[in-house]
Amino acid sequence: MMDSLGAPGAGLAIALENLFPPLPSEVILPLAGFAASQGKFGVVEALIWTTAGSVIGALALYAIGALLGRERTVAIAARLPLVKASDIQRTEKWFARHGTKAVFFGRMIPIFRSMISLPAGIERMRLPVFLALTTAGSLIWNAAFILIGHALGARWHQVSDLVGLYSKGVIAVAVLAVLAFVALRIRRARKGEHRSAG
């Protein structure tokens with residue numbers, strides 16, 4: 001995409017990465033920096049287009065969350081095993097308190113950088129606030145990787161190799177958190193069955 005479209009191609013790739021998290025920005029951004037170092041386009045141009053792509057992709061997910069809405073989200077969650085209405089209420093309270101920080105810093109965490117836009121849409125975070133936080137967080141993340149890719153030149157892939165470990169660590173922590181949640185719920189359910197049997 002970058003070869004045929006230049007910097008807009010990098011922006012398109014990042015927009016798609018937001019919608020399909022398995023496409024890693026940690027590879028796309030250093031590669032954009034490398035392409036800039038080769039004179040295919042400027043660093044500022046790469047930064048503008050990739051940040052625009054980040055915002056467009058985040059807006060698409062925000063819109064999905066807004067269309068889904070609270071009632072549908074609660075109805076879907078109610079059908080999920082081990083999930084209670086109180087979980088949704090706690091999540092809503094947490095997002096009301098920490099939503100702005102979650103949207104800003106979430107843009108710098110693999111996988112969550114995409115997913116954080118959904119609760120922002122569901123909770124109808126004010127759009128100007130969402131756009132400002134998403135743009136600021138994306139700008140920092142994109143600038144770091146584009147500049148590192150530009151500095152490394154042909155060795156741009158070294159940064160994606162290193163950050164790949166960070167991404168795997170984040171995913172491992174998320175998986176462990178889910179497993180701990182499921183184990184706790186099963187344990188509580190068994191305790192409840194023992195009490196009712198007794």
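Reader: Before anything else, what is the expected span of a helix?
Author: The expected span is 1.5 Å times one less than the number of residues in the helix, and a helix here is a DSSP run of H or I with at least four residues, whereas a strand is a run of E with at least two, both numbered from the N terminus.

Reader: OK, and what kind of model is this?
Author: This is a predicted model, in which local features need pLDDT of at least 70, side-chain atom pairs count only at pLDDT 80 or more, and totals for chains, interfaces and linings use all residues. Residues are numbered from 1 along each chain as its sequence is written, and side-chain values use heavy atoms, with hydrogens and water left out.

Reader: Where is confidence lowest, and where is it highest?
Author: The pLDDT, which is the predictor's confidence in each residue from 0 to 100, averages 77 over the protein, and 67% of the residues score at least 70. Helix H9 (residues 157-197) has the lowest confidence, at a mean of 61, while helix H8 (residues 127-152) has the highest, at 90.

Reader: How many helices and strands does the protein have?
Author: There are nine helices and zero strands, and buried residues, meaning those under 20% relative accessible area (exposed is over 50%, partly exposed in between, with a 1.4 Å probe and protein chains only), make up 37% of the 198 residues.

Reader: Back to spans, then: what should helix H2 span?
Author: Helix H2 (residues 7-19) has 13 residues and should span 18 Å at 1.5 Å a residue, and this agrees with its end C-alpha atoms, which are 19 Å apart. Its buried residues include Ala10, Gly11 and Ile14.

Reader: What does Thr50 touch?
Author: Thr50, which is found in helix H4 (residues 43-79), touches Ala10, Gly11, Ile14, Leu29, Asn142 and Ile146, leaving aside residues up to four places away in sequence, where contact means heavy atoms within 4.5 Å. Among these partners, Leu29 is one of the buried residues of H3.

Reader: Why does Thr50 count as buried?
Author: Thr50 counts as buried because its relative accessible area is 0%. A polar atom of its side chain lies 2.8 Å from the backbone oxygen of Ala46, and the backbone oxygen of Leu47 lies 3.3 Å from a polar atom of that side chain.

Reader: Is Ala96 buried or exposed?
Author: Ala96, in helix H5 (residues 85-106), is exposed, because its relative accessible area is 69%. Its C-alpha is 8.3 Å from that of Glu123, although the two residues are 27 apart in sequence.

Reader: Changing topic, how many aromatic pairs are there?
Author: Rings of Phe, Tyr and Trp (its six-membered ring) pair if their centres lie within 6.5 Å, with planes under 30 degrees apart counting as stacked, over 60 as edge-to-face and the rest as tilted. By this rule the count is three aromatic pairs. Phe104 and Phe105 have ring centres 4.8 Å apart and planes at 80°, so this pair is edge-to-face. Trp141 and Phe145 form a tilted pair, with 4.6 Å from centre to centre and 50° between the planes.

Reader: Where do Trp141 and Phe145 lie?
Author: Both are in helix H8, four residues apart, which is about one turn of the helix. An α-helix has 3.6 residues a turn, so residues three or four places apart point the same way. Trp141 is buried, with a relative accessible area of 7%, and Phe145 is buried with a value of 7%.

Technical notes: Polar contact = N/O pair within 3.5 Å; in protein donor to acceptor, adjacent residues only side chain to side chain.
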